[in-house]
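User: I would like to take a close look at a single part of this protein. Please describe one helix and its surroundings, in terms that a first-year student can follow.

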Amino acid sequence: MTSKLALLVVDVQEDFCPPNGALAVPDGRAILPAVHALLAQPFALKVATQDYHPAKHVSFATNHAGAAPFTSSVTIANPANPRETYASTLWPPHCVAGTRGAALVAGLDAPGVFDTVVRKGTDPRVEMYSAFRSPLRDPPLASAVSELGALLRRAGVERVVVVGLAGDYCVKCSAVDAAEDGWETYVVEEGTRCVGGEQAWAEVKQEMEGKGVRIVSLEWVNQVRSGSMIELMFLSELWRPACRIFSPKYDMNR
Ligand SMILES: [Zn+2]
């Protein structure tokens with residue numbers, strides 16, 4: 001797991017972190033040690049994503065009369081095809097472009113920490129949990145398809161390690177899209193937290209695994225990276241048992 005491995009740090013922004021974030025993920029700041037431990041390692045590409053909305057963004061409950069954050073939803077239509085729609089939860093205003101809340105948290109915002117910062121959710125008309133694209137596919141909305149896929153392909157990346165916030169939304173959607181697009185995709189458990197807490201994480205893990213994403217521990221990543229190429233191949237083939245060996249959080253009863 002060396003030259004062809006990318007690190008994707010999803011939306012570790014002030015507004016997603018306690019105590020002051022407008023849409024703080026419970027315990028969200030607790031992922032920072034794992035994020036920094038991964039950043040200390042070499043990767044072919046280190047990418048941060050940044051939720052980055054205009055003030056009139058469709059996902060803000062305040063932009064819909066009578067709507068309440070977390071409980072109301074909105075139907076979003078493809079601007080190029082009104083028949084293609086999806087329902088999306090409404091949130092408190094967050095990560096408004098240029099505000100302090102949209103900034104990456106201290107320590108991640110310094111020049112050189114990441115090779116690239118990819119901004120998403122910049123089109124006011126659509127929600128974009130995945131760092132790759134909005135759910136609209138018929139046709140895809142060009143303004144809601146990020147440069148992330150092209151960046152990974154250009155760098156020859158084969159595997160993607162994903163951490164960040166929130167596990168049950170943007171991390172999940174980004175990891176699932178990465179796996180669907182053909183990258184071997186790992187989500188590091190210590191490196192994410194969910195809006196819905198631990199119960200949500202248990203469900204989201206299963207959902208991601210069902211879509212080809214591998215849930216691993218930080219220790220697993222370290223073990224594989226320090227191992228020989230033969231060990232890497234062995235673990236790559238047998239990743240699920242390997243998770244059981246190296247991940248103390250892995251549910252042994254499943
Ligand atoms: Zn957002």
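Analyst: The part chosen is helix H3, which spans residues 170-180 and is mostly covered, with 10 of its 11 residues buried. Please note that this model is predicted. The protein chain has an average pLDDT of 90, and 88% of the residues score at least 70. Over residues 240-254, however, the pLDDT is below 50, although this stretch has 19 contacts in the model beyond near neighbours in sequence.

Which residues of H3 are buried? They are Cys170, Val171, Lys172, Cys173, Ser174, Ala175, Val176, Asp177, Ala178 and Ala179. The elements that cover them include the strands S1, S6 and S7 as well as helix H4, residues 197-210. Just after H3, the chain reaches Gly182, which takes a positive phi of about 105°.

The neighbouring helix deserves attention next. The axes of H3 and H4 come within 10 Å and cross at roughly 10°. Angles under 35 degrees count as roughly parallel, and the two helices H3 and H4 are therefore roughly parallel to each other. On the side of H3, the contact is made by Lys172, Ala175 and Val176, while H4 contributes Val204, Glu207 and Met208. Sorted by class, this contact of H3 with H4 has four nonpolar residues, two charged residues and no polar ones.

The strands that help to cover H3, among them S1, S6 and S7, also belong to a sheet. Six strands form this open sheet in the order S5-S2-S1-S6-S7-S8, with parallel pairing. Strand S5 (116-120) and strand S8 (214-216) stand at the edges with a single partner strand each, so one side of each is left without a neighbour in the sheet. From one strand to the next, the twist averages 25°. In general, strands of a sheet pair through backbone hydrogen bonds, either parallel or antiparallel.

One pair within the sheet serves as an example. Strand S1 (residues 5-10) and strand S2 (residues 45-51) pair in the parallel sense over five bridges. Within this pair, Leu7 stands opposite Lys46 in S2.

Other helices also meet the sheet. Helix H1, residues 32-39, lies across S1, S2, strand S6 (159-165) and strand S7 (184-193), and runs at about 140° to S7. Helix H5, residues 218-226, packs on the sheet as well, where it touches S6, S7 and S8, and its direction makes about 135° with that of S7.

In summary, H3 is mostly covered, and its cover includes both strands of the sheet and helix H4.

Definitions and conventions: Residues are numbered from 1 along each chain as its sequence is written. This is a predicted model: local features need pLDDT of at least 70, side-chain atom pairs count only at pLDDT 80 or more; totals for chains, interfaces and linings use all residues. Two strands pair if DSSP finds at least two bridges between them. Helices (H or I, at least four residues) and strands (E, at least two) are DSSP runs, numbered from the N terminus. Axes are lines fitted to C-alpha atoms, for helices over the stretch in contact, and angles run from 0 to 180 degrees between N-to-C directions. Two residues are in contact if their C-beta atoms, placed from the backbone, lie within 7 Å. pLDDT is the predictor's confidence in each residue, from 0 to 100. A residue is buried if 20 or more other C-beta atoms lie within 10 Å of its own, exposed if 12 or fewer, and partly exposed in between; C-beta atoms are placed from the backbone. Angles under 35 degrees count as roughly parallel, over 145 as roughly antiparallel, 65 to 115 as roughly perpendicular and the rest as oblique. Ala, Val, Leu, Ile, Met, Phe, Trp, Tyr, Cys and Pro count as nonpolar, Asp, Glu, Lys and Arg as charged, and the others, Gly among them, as polar.
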